[in-house]
Amino acid sequence: MSEASRDAGEAQSPDGARKPPANGDRTRDAAGAASQAPLPPRPHVVEFSHVTKTYNPGRKSAFTAIEDVSFTVEDLPGKGEFICLMGPSGCGKSTVLRLVAGLEPQHPPTDGTVTVMGKPVTGPSSDRGMVFQDYTSFDHRTVLDNVVFGLECRGVPRRQRYELGREWIDRVGLSVRKDQDKYPHELSGGMRQRVAIARTLILHPRIILMDEPFGALDPQTRTNMQELLVRLWRDVESTVFFVTHSVSEGVYLGDRIYIFDRSPGRLRSEIKVEPATMSPWDAEREPRFQQQVHEIREMMRLLEGGDDARAADGGG
């Protein structure tokens, strides 16, 4: 048999005529070809394609919140990205979050398309969880019943959801023994946001949308919550969109920062930053961290028009 015949997996008769390979050989060849075929591309977690949102279009009161915004967030196996949205007040950051969430009146966009995992957003879904700046706990429910609310809506049995609820109360830094039976009015602002985060993450959403969740907290509590959020985010491996006016918060939390221009909001810059590997207190002493904060603060100063941008550093 010639070398070429062997390579092709063909048999050869005594008179030199080639015979087709046996069925087993064909099966192995087909399996080998299939294993070498490239995998189809993974759909983007979120994609905005030329998205514009105008409220009251065609009227005198028409207002365009964002205009021609395009970006993609890839699906990274075993790891979600942390995207921080920054820009002057009124530039459409919250509009972007609510378009991803599928919440009215921001949804649907006036022009362009918003997709999640390759499919157009048609409304809210359990694969997207949202945490607001305002405390959104149900006043008539205890901490435990607030945390397991989503599981209850899904029909998870009481015993199972309470076990998971107590686990998440502990994971967000609250005391199961002391806090599970408290009502929201008995909690501090930081504690109420821990409840809101637990209620969101217990559902393991693919995307977490956070609209200035720490803006109303005192500086010490805010820093503690930043460190907690990074730790929990790494556990759940979700993609996070996080709106903030604090440059240092954005640099600490983000893998990428999207900076939006004044209204109508347009995506001005996309900045990659180093992921958090230490506590916020230690990070703020690092020269590279300080340099990134300075560069973004200067960009914000130009966008916001002068000295007013200094408020974008540590405040709400």
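Here are four short exercises on this structure, which is a predicted model, each with a worked solution.

**Exercise 1: Confidence**

Work out how far you can trust the coordinates, and find a stretch where the pLDDT is below 50.

*Solution.* Start with the whole protein: the average pLDDT is 85, and 84% of the residues score at least 70. Next, look along the chain. Residues 2-11 have a pLDDT below 50. In the model, that stretch still makes 15 contacts beyond near neighbours in sequence. Don't lean on the fine detail there, because coordinates predicted with low pLDDT should not be read closely.

**Exercise 2: The six-stranded sheet**

Put the strands of the open six-stranded sheet in order, then say which ones sit at the edges and which helices pack on the sheet.

*Solution.* Step one: trace across the sheet, and you get β8-β9-β10-β5-β11-β12, with mixed pairing. Step two: check the ends. β8 and β12 (267-272) each pair on one side only, so they are the edge strands. From one strand to the next, the twist averages 15°.

Step three: zoom in on one pair. β5 (residues 82-86) and β11 (residues 256-260) run parallel and share four bridges. In this pair, M86 stands opposite I259 of β11.

Step four: add the helices. α3 (residues 93-101) packs on the sheet and touches β5, β8, β9 (207-211), β10 (239-243) and β11, with its direction at about 150° to that of β9. α12 (residues 287-304) also packs on the sheet, touching β5, β11 and β12, and makes about 15° with the direction of β11.

**Exercise 3: The four-stranded sheet**

Why do β4 and β7 each have one side without a neighbour in the sheet?

*Solution.* First, write down the order of this open sheet: β4-β3-β6-β7, with antiparallel pairing. Now look at the ends: β4 (63-73) and β7 (119-120) are the edge strands with a single partner each, so one side of each has no neighbour in the sheet. For β4, β3 (residues 46-55) pairs with it in the antiparallel sense over seven bridges. One example to find is K53, whose bridge partner in β4 is I66. Finally, bring back α3: it lies across β3, β4 and β6 (111-116), at about 115° to β3.

**Exercise 4: The largest pocket**

Describe the largest pocket: what is its volume, and which residues and elements line it?

*Solution.* The volume is about 460 Å³. Its lining has 20 residues, with S125, R128, G129, M130 and L203 nearest the centre. Sort the lining by type: 11 nonpolar, six polar and three charged. Then sort by element: β8 (128-132), α5 (149-153) and α8 (189-201) each give at least two residues. The largest share, four residues, comes from β8.

Conventions
Residues numbered from 1 in each chain as written. Predicted model: local features only at pLDDT ≥ 70, side-chain atom pairs only at ≥ 80, totals over all residues. Heavy atoms only, no water. 1 Å grid on protein atoms, 1.4 Å probe; cavity = no way out; pocket = protein on both sides within 12 Å on 5 of 7 lines; lining within 4 Å. Points joined across faces, edges and corners; volume = space filled by probe spheres on them. Nonpolar A, V, L, I, M, F, W, Y, C, P; charged D, E, K, R; others polar. pLDDT = per-residue confidence, 0-100. Contact = heavy atoms within 4.5 Å. Pairing = 2+ DSSP bridges. Axes fitted to C-alpha atoms, helices over the stretch in contact; angles between N-to-C directions.
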